[in-house]
Amino acid sequence: MNRREFLGATTGVGIAMLTGAACRDARSPIEQPDSSLTGSELKVFPYPQQVEMRPGSFSIGRAKPIGSTQSQTIALARRSLASHLPAKAKNSMPVRLGSVEEGFDPAWLTADDVDFLNSPGTSDQASIVRIARDGITVVGKGKWGMLYGAQTINQLLIQAARENRNTLPCLTIRDWPDMSWRCLAPTLAWYSGWNRLEGYDLCNWSEGEWKWLADWSMLHKCNAWAVCMYGYWPFKLPGYENETLDVESDWFNPATNQKDKHRFVHRNIQREFYPEVIRYANERGVKVHAYIGKNSFNGRAFGNNPKTNAGGAAEMLPFAPGVQEYWDAFIGRILELGFNGFVFEDPEANHVPNQNERCWKTFWEPWAKEYGFKSVAETNPNAPPLGVHIEYYAWLFRTFDELIQKHAQRLNRQTEIRLISHFLLARIVNESKTKEERDKWLALVDEKQGKKVQFIIAEDKETAYVEMFGGERVASLGGRGGSCTNAMRRIASVNNNWCAGGMGGDLISERNAQTRIVKAGGFGAMIYIFEWTNTEVFAFLGAQYLWRNRGIPTIDNTDQTGILYHAYKLYYGDEVGALAARAMDEGSCVNDAMVLEGVYGSQWPFTGKALHRDYQLLGVLADRVEPIAREAYRKFTGKDPDLYQATYDQDAFTWNGYDPAKDRLFKTERLRLLWVQARRSQEMCNAALAHRFAQRLIAEGGAREAVLEQYDRAIASAKANQRIYQLNYDDDYDWTDGLCAKVTETLDGQRAAYENAPAAASSKLAQAPVLLIPWSKQTDLVPAARRGEYHLRARIGVTSNWDYYNLGVVFTIETSNDGRDWQTIFRKTVHRRDRAWCDVNLALDRSPRRIRFITDSYSRAMDRNTPTWQWALWRQPQLVRGDEVIYDFAAQILEARPLVRLDSDGKDRPFDRHGDDTTGATFKLTSGNLPEAITAAPAIAAFTPHKDGRFGITIAEYEIR
């Protein structure tokens with residue numbers, strides 16, 4: 001029985017109304033449309049290269065095919081168009097489809113358009129699309145160009161249906177891709193058995209869901225997949241059953257609330273459907289490559305056998321008994337499944353085996369004289385000389401290539417091979433002292449591999465590699481934000497800004513990587529999308545910027561959010577898409593590895609390391625986003641989402657061409673899971689805050705009942721998160737993904753240890769780091785506007801020098817008459833996307849004796865020493881009565897008493913230097929040596945402590961005389 005049959009319904013929660021200080025909107029500048037474009041309102045993706053709008057519109061009707069050319073691709077294009085047309089249209093519309101490759105009537109096009117298609121410099125994926133009063137015409141240079149042109153029409157039809165229009169605009173489009181190879185990289189099994197077992201998202205998709213992705217790929221003009229298969233194989237492999245994803249695992253039994261054993265069998269092993277998926281994708285112009293390691297993480301048990309384990313990056317020992325036969329078996333099986341070729345990846349380690357005589361003679365001995373070693377004892381497999389490294393990797397390539405060609409010939413199949421090279425090419429570039437030396441090594445690689453291979457290179461040095469090999473041999477990994485998402489344990493991971501580059505899910509980094517390979521002149525790039533659900537934007541981004549790199553005329557093509565909002569509006573519709581994008585961009589992005597010290601998965605620390613003080617704002621973000629995600633689902637479906645029950649049975653989800661109802665069903669489940677991750681983030685933030693407060697109470701010798709109360713709150717939230725996770729996903733106790741259970745177990749253990757400890761010893765049980773801060777959510781406190789004799793006015797904002805790591809700044813104002821009892825009268829967060837001043841206008845019945853301006857900054861940075869922390873600005877703070885300025889705090893800044901309150905001790909102490917404290921805290925007027933303010937007007941820079949690991953808040957206390 002499926003465990004989700006055990007589930008019950010959940011109670012709906014209303015949408016919280018949010019209020020704040022008045023902030024004027026200040027959007028980033030929008031790229032002006034190209035001079036060649038007048039159709040910037042078109043909602044098509046990727047945006048075409050050239051658009052010319054024509055007067056008038058064309059009525060949508062049933063397709064009436066025109067032309068005598070018949071082919072499989074034209075038949076597919078016609079079916080594709082028919083699936084997007086209204087089912088009961090009364091009128092018919094002429095549709096002309098053809099290509100230079102398969103034939104067309106030249107009378108359909110102008111002479112200039114014909115010359116464009118016939119030009120040798122025009123891509124074979126180019127097309128002419130025309131909508132005119134005499135019908136629709138799509139002519140490609142090649143057959144796939146025609147098919148892509150038809151998809152432009154399909155997207156216009158989708159938008160017309162959303163807007164309840166029965167017309168299309170008259171226009172002419174000339175279109176072609178900047179990159180010929182635009183390859184999605186999904187996964188069937190990612191490090192299965194090494195980092196995780198059951199897998200996630202696409203790893204567990206059904207045939208229907210994979211076919212949905214094939215049609216998405218065609219619709220958005222992606223023409224390849226590199227399907228990752230690392231670890232246990234997601235297919236049957238006769239004779240090597242222990243290497244397949246048919247394994248014993250642990251799962252959460254909702255009937256007993258206990259961990260049970262069960263057999264996890266990959267869907268493609270339960271019923272082999274992937275050959276049909278490959279056939280379906282091929283028909284739509286998508287070539288499907290097997291993305292596997294070149295003797296790295298191939299299977300699990302065989303490579304872990306001490307007799308065959310070479311070390312390195314889970315490499316098998318060449319020439320060990322049975323290894324070559326095993327390689328032959330899985331290469332043959334992959335090709336039998338129908339894969340069109342391979343994206344090989346070099347072993348991800350600086351390693352060359354030397355454990356047996358043949359390894360020594362094959363890889364090491366040919367270089368013995370060159371490097372001066374005479375025996376295995378004098379060599380280190382983890383520090384091989386460059387020549388030895390080339391010998392090993394070239395031998396691996398030749399060996400696998402021979403196996404591929406043997407099976408391709410047996411199956412009468414053509415295959416493609418591309419090679420991802422990290423370590424070897426980097427070593428050649430970094431260790432060569434001259435260009436001549438570098439070129440010598442590169443020529444040796446080609447010679448020893450036996451052919452000139454197309455390389456897929458790591459990002460950042462695209463131009464250099466194109467200069468070395470030529471553009472026809474160089475593609476790029478293209479940015480890896482869509483591969484790191486799986487490490488976030490089902491939390492939507494976009495623009496996390498906790499580390500630089502792709503592992504922060506940064507859309508700028510992703511786009512920049514793709515732009516570099518386009519400018520360098522390579523032939524393509526990969527678009528990592530290891531987790532599709534709620535990170536689809538990575539696929540959209542790659543589809544756009546590899547097709548038309550200069551981007552979309554109506555959005556900002558340089559920031560983190562332009563493509564995010566645009567993509568999801570096209571995906572879900574304007575209103576729902578904007579909510580979904582906002583939920584992803586503004587969420588807390590907390591995952592299970594970020595809750596407790598010592599509870600982490602096998603991923604790199606910067607994909608989930610415990611955070612601390614920042615939960616005071618992360619908890620606010622989680623609470624703010626949950627109703628946004630819920631509202632997105634409600635507006636899309638008209639009802640509340642179910643926290644535990646999937647929208648549809650995956651195995652019952654079928655797909656055979658675009659179907660609006662099924663497409664909507666598929667997207668409904670994505671929106672439900674967006675809300676699920678928002679709810680999980682809430683619970684994890686609550687657990688972290690309660691746990692940290694418990695540690696503070698323990699360290700301060702607080703009442704035992706108070707400590708246990710906080711532990712109970714933490715455990716309740718952790719259990720809630722665990723249940724949400726375990727009733728929605730499959731890898732319940734996996735040591736990478738099933739960390740929710742580890743969090744709960746750790747909290748239970750800490751509570752029991754504290755409760756059972758003698759009173760005298762309990763204070764020693766506080767878990768470091770103990771921070772003496774409120775451990776409460778820093779929610780906004782913005783009083784409603786009212787009249788008063790006095791008003792405290794100010795403007796709050798952040799520096800215009802955008803710091804990648806800035807999550808938000810909390811501005812607080814306190815008043816007191818005696819200097820002891822401080823009352824918070826205002827608190828407001830300026831979030832990372834807030835680029836304008838926010839006005840503060842607080843009515844007071846009488847003038848307070850003392851006022852404090854408190855500044856508190858927050859980040860998700862995994863390394864808290866990375867951000868600048870120089871963000872916060874108070875502009876023109878004044879106490880006024882009517883039009884009279886009673887006190888100008890900026891003008892009287894020398895009367896301020898600046899204080900630092902460090903998290904480590906919670907005590908206020910005066911700055912130890914005028915205007916600047918040695919902790920990095922600042923309270924002084926902006927000047928030329930400070931980051932530029934939002935405007936030129938004077939402002940007070942109130943930067944928070946951040947030097948030498950000393951963090952806290954900055955306070956400026958004034959006494960009003």
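Two strands count as paired here if DSSP finds at least two bridges between them. With that cut-off in mind, I will go through one strand and its partners, and then the cavities. The model is a predicted one.

The strand is S22, residues 808-816. Its link to strand S23, residues 823-831, consists of eight bridges, and the two run antiparallel. Eight bridges satisfy the cut-off of at least two, so S22 and S23 are a pair. One contact to look at on the screen is Thr812, whose bridge partner in S23 is Arg827. The connection between these strands is a hairpin, with six residues between S22 and S23. In that turn, Gly819 has a positive phi of about 80°.

S22 also pairs with strand S25, residues 850-858, again in the antiparallel sense, and this time over nine bridges. Here Val810 stands opposite Asp856 of S25.

Now the side chains. In a regular strand they alternate between the two faces of the sheet. In S22, Gly808, Val810, Thr812, Glu814 and Ser816 point one way. Val809, Phe811, Ile813 and Thr815 point the other way. Which of these residues are buried? All are, whichever way they point. The strand as a whole is mostly covered, with nine of its nine residues buried.

On to the cavities. Rolling a probe the size of a water molecule over the atoms shows where empty space is left. Searching the whole structure gives two cavities of 30 Å³ or more.

The largest cavity has a volume of about 60 Å³. Which helices each supply at least two residues of its lining? They are H19 (574-586), H20 (615-637) and H21 (660-699). H21 gives the most, with three residues. The lining residues include Ala583, Met584, Ala622, Val625, Gln677, Ala678 and Ser681. Ala492, Gly587, Ser588 and Cys589 are also among them. By class, this lining has seven nonpolar and four polar residues, and no charged ones.

The second largest cavity has a volume of about 30 Å³. Two elements give two or more residues to its lining: H21 and helix H22 (704-726). H21 therefore appears again, having also supplied residues to the lining of the largest cavity. Around the second largest cavity we find Asp592, Val595, Met684, Ala687, Ala718, Asn721 and Val743. The class count for this lining is five nonpolar, one polar and one charged. Asp counts as charged, so the charged residue in this lining is Asp592.

Technical notes. Residues numbered from 1 in each chain as written. Predicted model: local features only at pLDDT ≥ 70, side-chain atom pairs only at ≥ 80, totals over all residues. Heavy atoms only, no water. Buried < 20%, exposed > 50% of the residue type's maximum accessible area, 1.4 Å probe, protein only. Helix = DSSP H or I, 4+ residues; strand = E, 2+ residues; numbered from the N terminus. 1 Å grid on protein atoms, 1.4 Å probe; cavity = no way out; pocket = protein on both sides within 12 Å on 5 of 7 lines; lining within 4 Å. Points joined across faces, edges and corners; volume = space filled by probe spheres on them.
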